[in-house]
Amino acid sequence: FEEPILASVPEIFVHWDLSQIFKNRVRIPEIRLNLDQITVERNTKGAINLMEIGAVKSGRKETQKKPPPTEPSKEPAEPPAVLIDRVVLSLGMARYVDYNTPGGPLIRQFSLNIHNEVLRDVTNPVQITRQIVVKTIQKVGLNALIPDWNQLSASWGTQASSVVGEWVNTLKEKFART
C-alpha cells in the first residue's frame, strides 16, 4: 500500500488491574481509544488495506515453518484469560484513497462522527480492531466504493455519466434505508 499512515491516534488510555496477572488473567477495567483519522486505501490491484489487517482476516493460517525445537518439548503455557470491561471508542475522520482509478488516485474524506461509543465485556483484543474496521467501513460504505461521478464525467459522455450517476444515487438511497 502507498499511504504512509494508517491511523492518527492522539490518545490511547489503558487502565490495568495488575493484581490479576498473577492469576493468569488480564483484567482491564477501561481502554480509551481516540482515532483522529483512519486511511482506507484501495491499491492498484483492488485490495483494501483494512481488509488486509491480520485481525480482520478470519481463518488465516500461519504459513511460515517453525524452526525445529532445540530443547525437549514442553506443554505450551495456557494463554491468560482476557476481560476488558469497557472500551471507549472515538473515530473522527476517514480518508479514502483509491489508486485503482484512471487518472491518478481518487481522494475523499468522510466524517465518522463516532464519539465515546462503548464496547463492553471484550474477551479478545482482536475484537477491538475488528470493531474499528467495521465501523469505519460502515460509515464510509458505498460512498467510498463508488467513484465520484462528477469527477469522472469529463472523460465520459454527459449522457452516460448522468445514467450511471442516477443509478449510483438509487443504490446509495437503497443501502441507506437498510
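**Asking why: a buried glutamate, a pocket and a core**

Author: Take the protein chain's contacts between residues at least 6 apart in sequence: 69% of them join residues at least 24 apart. Keep in mind that this is a predicted model.

Reader: Fine. What makes up the secondary structure of the protein chain?

Author: Three helices and five strands. Going along the sequence, the pattern reads β-β-β-β-β-α-α-α.

Reader: And how much of the protein chain counts as buried?

Author: Of its 178 residues, 30%.

Reader: Let's talk about E30, then. Where is E30 placed?

Author: In strand β3, which covers residues 25-42.

Reader: Why is E30 called buried?

Author: Check the number against the cut-off. Buried means under 20% relative accessible area, and E30 comes in at 16%, so it counts as buried.

Reader: OK, what joins the side chains of E30 and R86?

Author: A polar contact of 3.1 Å. The limit for calling a pair of N or O atoms a polar contact is within 3.5 Å, so the 3.1 Å between E30 and R86 fits.

Reader: Which residues is E30 in contact with, leaving aside neighbours within four places in sequence?

Author: F13, V14, H15, R86 and V88. So R86 turns up both in that list and in the polar contact.

Reader: Now the largest pocket. What is its volume, and which residues line it?

Author: The volume is about 170 Å³. Among the lining residues are L33, L35 and I38, along with I128, T129, I132 and V133. Two elements, β3 and α1 (126-145), give two or more residues each to that lining, and α1 gives the most, with four.

Reader: What makes up the lining of the largest pocket by class?

Author: Eleven nonpolar residues, one polar and no charged ones. Thr isn't on the nonpolar or charged lists, so T129 counts as polar.

Reader: Which residues touch the most other members of the largest nonpolar core?

Author: L91, I128 and I132, out of 24 residues in that core. The elements giving two or more residues to this core are β3, β4 (81-98), β5 (106-122) and α1, and β3 gives the most, with seven.

Reader: How do you know what I128 is in contact with?

Author: Contact means heavy atoms within 4.5 Å. Leaving aside neighbours within four places in sequence, I31, L33, I84, V87 and V122 are in contact with I128. I128 also lines the largest pocket.

Definitions and conventions: Residues are numbered from 1 along each chain as its sequence is written. This is a predicted model: local features need pLDDT of at least 70, side-chain atom pairs count only at pLDDT 80 or more; totals for chains, interfaces and linings use all residues. Side-chain values use heavy atoms; hydrogens and water are left out. Buried means under 20% relative accessible area, exposed over 50%, partly exposed in between (1.4 Å probe, protein chains only). A polar contact is a pair of N or O atoms within 3.5 Å; within protein, one must be able to donate a hydrogen and the other to accept it, and residues adjacent in sequence count only if both atoms are side-chain atoms. On a 1 Å grid over the protein atoms alone, a cavity is a set of points where a 1.4 Å probe fits but cannot get out, and a pocket is an open set with protein on both sides within 12 Å along at least five of seven lines; lining residues have an atom within 4 Å of a point. Grid points are joined across faces, edges and corners, and a volume is the space filled by probe spheres set on the points. A nonpolar core is a set of buried Ala, Val, Leu, Ile, Met, Phe, Trp, Tyr and Cys residues joined through side-chain atoms within 4.5 Å.
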